[in-house]
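User: Please take a close look at the enclosed empty space inside this protein, and describe what surrounds it.

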Amino acid sequence: MRHHPRTPRGMTLTFAVRRRAPVLIGPASPTPTETKRLSDVDDQGELRSQVRGIFFYRGSSAGMARDPVDIFRRALSDALVHYYPLAGRLREVEDRKLVVDCTGQGVTFVEADADVRLADLEAHGPGLVPPFPCIEELGFEVDGSSGMLNCPLVLIQVTRLLCGGFTVWHRFNHTMCDATGMIQFMNAVGELARGLPSPTVAPAWSRELLDARSPPMPAFPHREYDDVPPTQTVAAADDDMVRRAFVFGGSDVAAIKKGLLPPLLWDKATSFDVLAAVLWRARTAALLGTRTPRPDEEARLVTVVSVRRHSRALGLPKGYYGFSCAYAIVVMAAGTLLSSSIADVVKQVRVAKASVTPEYVRSAADHLVLRGRPPLARTNMFLLSDLRHVGFNSVNMGWGEPVYGGPSHVKFGNAFFVAVKNSDGEDAVAVPVALPRMAMDRFASEIQSLLKKSQE
């Protein structure tokens, strides 16, 4: 396991970026003018936010005569004909229900040039692993564009690099689509950029399929939405937050399985199960040093579980790009978590994931409507998403697969798994983490201690 520290105070790589004024890109041809309702899962409080990602592409001799900005801009406009709700604007109606007015106003687009080569960015890491240096230059937050209502639903910046490569930074309103939906849209842009006449996957709206039942009948407690008082951790840590990427190779996961799990779990436990348990326990131990949480307080691990494997039972059509995930939760007293074996925590993670059935998804929609569309219970919560298999690393804009594709930012309380290559060129998983400075060193130490213990 290697960790890559990148903090604002330690950055040495700087470069200039020249941006043109942002413009709105609308559908290339007329689209329906109508109002569409989001599902009762889409418009929950947790998703009323923006999610950000980035693709890094190498230049090629064949592509030197082509301008990625112009090609992407045209393909984006063409893609919006098929995904025209993304060119609209959100509005709130009765009971905080969100609808999208399909107005064709367009998405925000920024053209830019950076005085840096892809090799410079790769050397800074080592490798391209978030958090990235100067990401605020490669992904510019246009003033007035980040609101939930009556604002563009997508913001994209395409930045040419000195080497002929380029980056595509994107920001989506999370109520409109989950990670799979975002990649479905970006794949459509890539296919149109490569000359295909239409996307190979036709988009499907059908958001009513994940609406609450009438009347709502929750069948599970849904502790992921507990009404709990907030802690002061985030507010106290904002000015002293450290972001690092921890990279785990296959040998690290194998060592944890063999060293810390009983043989019965060696084949059953996934790499996500194992690393989720290790990371949650290490993070909780690190934060206990800041006195949040206390040993008797509840710690929460929430994992994002795709429900697309239940598409038939839920009736979800191919091409559905709305939020089709549920939150699986493990709740333990912080002290109990730290005194538990990794094997016991892995078992809890597996039980929580298995609980996400079609009935659980419908129950969650019922619960959200009855509770007024609440956010997740963020107190002492660690939210993990596994994005390795979503398809970020295969979005082809005509220059081949990206060197890196995935989220561009990580914030306190959240982390994600993304597929990368380690320094030996082997497949690995990178987990960017954000913690208060005083907790980060202890977190790294806890991870190293667990790995060392697994090898004894």
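Analyst: A cavity is here a set of grid points where a 1.4 Å probe fits but cannot get out. In this predicted model, the structure holds 2 cavities of 30 Å³ or more.

The largest cavity contains about 60 Å³ of space, and its lining is formed by Val 41, Gln 44, Tyr 225, Phe 323, Cys 325, Ala 326, Tyr 327, Val 361, Ala 364 and Leu 368. The elements that contribute two or more residues to this lining are β13 (325-333) and α12 (358-370). In terms of residue class, the lining of the largest cavity comprises 9 nonpolar residues and 1 polar residue, with no charged residue.

Turning to the second largest cavity, about 40 Å³ of space lies within it, and the residues that line it are Trp 280, Arg 283, Thr 284, Leu 287, Pro 293, Ala 299, Asn 380 and Met 381. Helix α8, which covers residues 271-288, gives the most to the lining of the second largest cavity, with 4 residues. By class, this second lining divides into 5 nonpolar, 2 polar and 1 charged residues.

A separate site may be added to this description, namely His 310, which is placed in the loop between β12 (298-306) and α9 (311-314). His 310 has a relative accessible area of 17% and is therefore buried, and, when neighbours within four places in sequence are left aside, His 310 is in contact with Val 356, Thr 357 and Pro 358.

Terms used: Residues are numbered from 1 along each chain as its sequence is written. This is a predicted model: local features need pLDDT of at least 70, side-chain atom pairs count only at pLDDT 80 or more; totals for chains, interfaces and linings use all residues. Side-chain values use heavy atoms; hydrogens and water are left out. Buried means under 20% relative accessible area, exposed over 50%, partly exposed in between (1.4 Å probe, protein chains only). Contact means heavy atoms within 4.5 Å. On a 1 Å grid over the protein atoms alone, a cavity is a set of points where a 1.4 Å probe fits but cannot get out, and a pocket is an open set with protein on both sides within 12 Å along at least five of seven lines; lining residues have an atom within 4 Å of a point. Grid points are joined across faces, edges and corners, and a volume is the space filled by probe spheres set on the points. Ala, Val, Leu, Ile, Met, Phe, Trp, Tyr, Cys and Pro count as nonpolar, Asp, Glu, Lys and Arg as charged, and the others, Gly among them, as polar.
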